[in-house]
Amino acid sequence: MAIILGIETSCDETSAAVLKGDELLSNVISSQIDIHRRFGGVVPEIASRNHLTAIVPVIDEALSRAGIEKRELDAIAVTYGAGLVGALLVGVSAAKALAYSLGVPLYAVNHIEAHIAANYISTPQLKPPFLAVVASGGHTGVARIDGLNSFTMIASTTDDAIGEAFDKVARTVGLPYPGGPEIDRLAKTGKRSIAFIDRNGKKRKNGELSYSGLKTAVINYMHNLEQRGETPVVPDICASFQAEAVDMLVDCAMHTAERSGIKTVVAAGGVSANSYLREKLNAECEKRGLEVHFPPMSLCTDNAAMVAVRARGMMQENVPPASLDLNAVSYLKIPTASD
Ligand code: KG4
Ligand code: ZN
């Protein structure tokens with residue numbers, strides 16, 4: 001049974017995990033959220049510096065919690081994109097050094113594929129084909145998974161990602177970074193009373209996915225209140241924005257599911273921790289007799305367990321490992337059928 005060390009440093013979490021076959025032995029996450037909060041978002045240079053100081057202790061902690069010695073490792077897996085290049089490079093360099101010194105293969109992992117693969121840990125019986133509702137800070141859409149190493153994007157946002165919209169709206173209404181969890185929390189005490197996008201009574205187009213207009217509508221709404229000297233009811237703004245953002249993604253997922261005939265749906269990425277998204281996706285899948293799975297909270301946001309399990313899939317189907325001149329890439333997506 002292969003023992004894999006996963007490493008993740010694409011944004012503001014430094015993480016290392018040890019996976020032995022089906023068993024997750026450790027998943028250590030050192031978050032920089034408190035450091036970036038006072039800047040209202042992730043500062044790339046500060047993220048890289050903090051990854052540098054955290055990476056060795058985090059790897060050591062993951063090995064020690066797993067009760068595994070470095071020499072027992074069979075492979076090293078690392079996120080090489082998408083993300084902040086300076087941040088990714090810290091993980092990539094550490095992974096290359098370990099792979100070289102231990103003489104084991106190095107697997108280069110796509111961050112979004114890893115978010116999807118996280119579901120194999122929480123739902124070990126999960127088998128392709130299935131659809132993944134991808135909802136993260138940088139990517140949003142619906143992917144089709146036809147095999148351990150077959151990922152195709154079938155619907156994507158035409159502009160912003162859903163997490164980006166959550167964070168921007170949160171900032172506009174005065175909530176701290178990261179805004180997604182704050183909106184989730186406040187929305188529970190608010191009412192869905194504001195229609196930010198006026199569609200003249202018409203319904204959203206089937207499969208439509210776009211967040212820039214919704215984000216701007218909330219910003220304009222806040223400006224108008226300010227000009228009139230009125231006080232915003234922040235929980236209602238959160239509840240209304242969240243419902244509109246999530247409904248659009250869930251509708252797109254259901255439209256895609258109906259067209260593809262695939263009966264299993266999973267959620268992936270940081271925004272899949274959102275309580276309304278979980279509730280809504282569950283309810284819509286249940287109505288249609290679709291099976292649905294969500295990773296637990298600890299596997300929704302960035303973590304290295306998902307990187308290790310993605311590499312396990314590569315090893316199972318003999319996908320060639322990366323060479324030691326692997327580099328970090330900021331822009332990396334899941335291809336569409338026409339790519
Ligand atoms: O997947 P992720 O950890 O990092 C990227 O790959 O981008 O996603 C981060 C995003 C952030 O925008 C954060 O605000 C959002 O996930 N997020 C949430 C919740 N928890 C994290 N958004 C809405 N509700 C949540 N509970
Ligand atoms: Zn992520």
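Contact here means heavy atoms within 4.5 Å. With that in hand, helix α6 is a handy place to start in this predicted model. The buried residues of α6 pack against three other helices, namely α5, α8 and α9. How many residues of α6 are buried? Seven of the nine are, so the helix is mostly covered, given that a residue counts as buried under 20% relative accessible area. The buried set consists of Gly 179, Gly 180, Glu 182, Ile 183, Asp 184, Leu 186 and Ala 187.

One member of that set, Asp 184, leads straight to the ligand. Asp 184 is among the closest residues to ligand 1, along with His 115, Gly 137, Asp 167 and Gly 270. In total, 19 residues surround ligand 1. Sorted by class, this shell holds eleven polar residues, five nonpolar ones and three charged ones. Which helices supply at least two residues each to the shell? Those are α4 (111-122), α5 (162-172) and α6 (179-187).

A few polar contacts can be picked out between the protein and ligand 1. An N or O atom in the side chain of Asp 167 sits 2.6 Å from an oxygen atom of the ligand. The side chain of Asn 274 also takes part, with an N or O atom 3.0 Å from a nitrogen atom of ligand 1. Gly 163, in contrast, uses its backbone: an N or O atom there is 3.2 Å from a ligand oxygen. As for cover, ligand 1 has 560 Å² of accessible area on its own, and the protein covers 87% of that.

Next comes the nonpolar interior. The largest nonpolar core has 49 residues, and Tyr 211, Phe 241 and Leu 281 have the most contacts inside it. Two or more residues come from each of β6 (130-135), α5, α6, α7 (212-228), α8, β9 (264-268) and α9 (275-287). Helix α8 gives the most, with 15 residues. Leu 281 shows what such packing looks like up close. Setting aside neighbours within four places in sequence, Leu 281 is in contact with Val 133, Val 250, Met 254, Val 265, Ala 267, Val 292 and Phe 294. Apart from this core lies another one, made up of 34 residues, including Ala 77, Ala 114, Ala 117 and Met 306.

Helix α8 (residues 234-260) also carries a polar residue worth a look, Ser 240. Is Ser 240 buried or exposed? Its relative accessibility is 0%, so Ser 240 counts as buried. Beyond the residues up to four places away in sequence, Ser 240 touches Lys 191, Arg 192, Ser 193, Ile 194 and Phe 196. With Ser 193 there is a polar pairing too: a polar atom of the Ser 240 side chain lies 3.1 Å from the backbone nitrogen of Ser 193. Val 218 is 22 residues from Ser 240 along the chain, and their C-alpha atoms are 9.7 Å apart.

His 293 belongs to strand β10 (residues 291-293). Its relative accessible area is 13%, so His 293 is buried. Leaving out its neighbours within four places in sequence, His 293 is in contact with Asn 119, Thr 123, Gln 125, Leu 126, Thr 264, Val 265, Val 266 and Ala 267. Val 265 and Ala 267 thus turn up among the contacts of both His 293 and Leu 281.

Gly 213, in helix α7, has a relative accessible area of 39% and so is partly exposed. From Gly 213 to Arg 38 is 175 residues in sequence, and 27 Å in space between C-alpha atoms.

Finally, the backbone has some oddities. Most residues other than glycine have a negative phi, and most peptide bonds are trans. Where do cis peptide bonds appear? One joins Gly 81 and Ala 82, with omega of about -5°, and Ala 82 is in the loop between β4 (75-81) and α3 (85-102). Another joins Pro 128 and Pro 129, with omega of about 5°; Pro 129 lies in the loop between α4 and β6. Asn 318 is not a glycine, yet has a positive phi of about 55°. This residue is found in the segment after α11 (305-316), and with a relative accessible area of 66%, Asn 318 is exposed.

Notes:
Residues are numbered from 1 along each chain as its sequence is written. Chains are lettered from A and ligands numbered from 1 in the order in which they are written. This is a predicted model: local features need pLDDT of at least 70, side-chain atom pairs count only at pLDDT 80 or more; totals for chains, interfaces and linings use all residues. Side-chain values use heavy atoms; hydrogens and water are left out. A residue is near a molecule or strand if one of its heavy atoms lies within 4 Å of it. A polar contact is a pair of N or O atoms within 3.5 Å; within protein, one must be able to donate a hydrogen and the other to accept it, and residues adjacent in sequence count only if both atoms are side-chain atoms. Accessible areas come from the Shrake-Rupley method with a 1.4 Å probe; for residues, only the protein chains shown count as cover. Helices (H or I, at least four residues) and strands (E, at least two) are DSSP runs, numbered from the N terminus. Ala, Val, Leu, Ile, Met, Phe, Trp, Tyr, Cys and Pro count as nonpolar, Asp, Glu, Lys and Arg as charged, and the others, Gly among them, as polar. Buried means under 20% relative accessible area, exposed over 50%, partly exposed in between (1.4 Å probe, protein chains only). A nonpolar core is a set of buried Ala, Val, Leu, Ile, Met, Phe, Trp, Tyr and Cys residues joined through side-chain atoms within 4.5 Å.
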